[in-house]
Structure formats: structure tokens, C-alpha cells
Amino acid sequence: PVTLSYPAMFKIPAARAGWLVFFLTCGLEFTCNTWATTFLVKSEGATAAAAARALTFYYLGITTGRFVSGLIVKKLGNERIVLIGYGLVLAAIILLFLPVPVAVKGGALAMIGFGNGPSFPNLIYMTPRHFGKEASQSLIGSQMAMCNLGILAVPPLFGLIANHISVGLLPVYVLFFLILMFFMLEKTFKLVK
């Protein structure tokens, strides 16, 4: 294996684009994890018990999404699974915007988990193919760092928005990050080709 320094990896355009995908993917996942129950209770009128159940289904969605993606990856491929997942997240976000019952919004959160859950393992799996096996250890380590940075930065940023404007903006915030994820993923795919 070749050990690459951060400055060396930073010079690779596809690595930079990929870092943003990891940052956004984990940031989105943990923003929903951190703020979904508050959103359901304070903005949608759910009871604390119903919001807690919805969060349980969100985690179940993540787990199920990762499991199902493992079963169908040979048929669909990693790239397609991630893109299909983004489509499911988009459909779920649309449900969050609609005047539907709270139970449906809780189901939409589970769907966000199901759609975004496969992203992380599939993106990691693509790294050796995109950048070569020799450099993949360094790049995967840097991707882990970007995931952790996303977990540390993205949910607290929404906390500022929730405290100073409204927690009801969660669907807007998640949609913004999904759009960025999609464009950065497409950019990564183009650059590695």
C-alpha cells in the first residue's frame, strides 16, 4: 500500500469531491438522528412516544437499507444503489413537506434512513475501484475523517437554525444537503472516469 499525505490527496480532484460526499452523507444521517424527534414534536405536533417510535424506525430503515443493498449490489452495482437511495431520500423529504399525518412523516424519516443507509458502505466499497488498491487505505482513512467532521458540524449547524429560526426547517435543510450530495457524487463519478 502507498501512504498518501493529506496535501497529496488534496491535489486529487476526485478525492476532494468524494470527501464532500462523505461529509454530507454522514452529516445528513446524524442530523436526522439528532433532530427528527424534536422536529416531529415541536413542528408536527407528535407525542414524545410517537416521535421516539419514528426514530426507532429511522434506525431500522438505515439497518434494512444497508442489508438490502448488500443483497442486490451484484445485480445493480454500487453507484446505482447510492443513486436509487438518493431518490428514496428525495421522495421522503417531499412527504415531510406535505400536509400528511404525523405517522406518515415518521414513515418518511424511516425512508430517509433506508435510502441514505446504503450510501456509506457502498461509497467505501467504491474507493479501491476509483482510486486504485494501493492508495485506497489512505483515502478511506481520509473519508472516515470527513464522515466524523460531518457528524460534528452538520447537526449543530441545524441546531443554530432551529434555535434562531425554526425546527420546522428540517426538511429544507435535509433537502439542501441531499442536493449537494447528488451533485458532488456525480462530480466524483465524472472525475474518476
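## Reading exposure

A residue counts as buried when its relative accessible area is under 20%, as exposed when it is over 50%, and as partly exposed in between. Isoleucine 161, at 23% relative accessibility, therefore goes down as partly exposed. The model you're looking at is a predicted one, and those cut-offs will come back several times below.

Where does isoleucine 161 sit? Its home is helix H7, which covers residues 133-164. From its C-alpha to that of cysteine 26 is 19 Å, and 135 residues of sequence separate the two. Threonine 56 makes a handy contrast: this residue of helix H3 has a relative accessible area of 52%, which is over the 50% mark, so threonine 56 is exposed. Follow the chain for 50 residues from threonine 56 and you reach glycine 106, with 9.7 Å between the two C-alpha atoms.

## Rings that pair up

Now for the aromatic side chains. How many aromatic pairs does the structure hold? There are nine of them. One is made by tyrosine 6 and tryptophan 19, whose ring centres lie 6.1 Å apart with 40 degrees between the planes, a tilted arrangement. This pair ties together distant parts of the chain: tyrosine 6 belongs to helix H1 (residues 6-10) and tryptophan 19 to helix H2 (residues 13-43), with their positions 13 residues apart. Is each partner buried or partly exposed? Tyrosine 6 is partly exposed, since its relative accessible area is 45%, whereas tryptophan 19 counts as buried because its value is 9%.

Tyrosine 173 and phenylalanine 177 give another tilted pair, at 4.7 Å centre to centre and with 55 degrees between the planes. These two residues are four apart in helix H8 (residues 170-192), which means about one helical turn separates them. Both tyrosine 173 and phenylalanine 177 are buried. They also belong to one aromatic cluster, together with Trp35, Phe158 and Phe176.

## A charge over a ring

Rings can have other company too. Arginine 16 places its charged end over the ring of phenylalanine 10, at 5.1 Å from the ring centre.

## Cysteines without a bridge

How many disulfides turn up in a search of the whole structure? The count is zero. Take cysteine 32: it is in no disulfide, and the nearest cysteine sulfur belongs to cysteine 26, 12 Å away. A disulfide needs the two sulfur atoms within 2.5 Å, so that spacing rules this pair out.

Both of these cysteines are tucked away from the surface probe's reach by the numbers: cysteine 26 is buried at a relative accessible area of 6%, and cysteine 32 is buried at 0%. Cysteine 32 is part of helix H2. Its C-alpha lies 12 Å from that of leucine 96, although 64 residues of sequence come between them.

## The largest pocket

Next come the empty spaces. Rolling a probe the size of a water molecule over the atoms shows where empty space is left. The largest pocket has a volume of about 150 Å³. Its lining is made up of Ser69, Gly70, Val73, Lys74, Gly77, Asn78, Pro121, Asn122, Tyr125 and Arg129.

Which helices each supply at least two residues of this lining? They are helix H3 (48-76) and helix H6 (119-131). By class, the pocket lining has three nonpolar, five polar and two charged residues.

## The enclosed cavity

Searching the whole structure for cavities of 30 Å³ or more finds one. The largest cavity has a volume of about 90 Å³. Around it are Gly18, Val21, Phe22, Leu123, Met126, Thr127, His130, Phe131, Gln143, Leu185, Thr188 and Phe189.

At least two lining residues come from each of H2, H6 and H8. Which helix gives the most to the cavity lining? That's H6, with five residues. The cavity lining has seven nonpolar and five polar residues, and no charged ones, while the lining of the largest pocket includes two charged residues. H6 is a helix to look at in both places, as it supplies at least two residues to the pocket lining and five to the cavity lining.

Terms used: Residues are numbered from 1 along each chain as its sequence is written. This is a predicted model: local features need pLDDT of at least 70, side-chain atom pairs count only at pLDDT 80 or more; totals for chains, interfaces and linings use all residues. Side-chain values use heavy atoms; hydrogens and water are left out. Rings of Phe, Tyr and Trp (its six-membered ring) pair if their centres lie within 6.5 Å; planes under 30 degrees apart count as stacked, over 60 as edge-to-face and the rest as tilted. Buried means under 20% relative accessible area, exposed over 50%, partly exposed in between (1.4 Å probe, protein chains only). A charge sits over a ring if NZ of Lys or CZ of Arg is within 6 Å of the ring centre and within 35 degrees of the ring normal. On a 1 Å grid over the protein atoms alone, a cavity is a set of points where a 1.4 Å probe fits but cannot get out, and a pocket is an open set with protein on both sides within 12 Å along at least five of seven lines; lining residues have an atom within 4 Å of a point. Grid points are joined across faces, edges and corners, and a volume is the space filled by probe spheres set on the points. Ala, Val, Leu, Ile, Met, Phe, Trp, Tyr, Cys and Pro count as nonpolar, Asp, Glu, Lys and Arg as charged, and the others, Gly among them, as polar.
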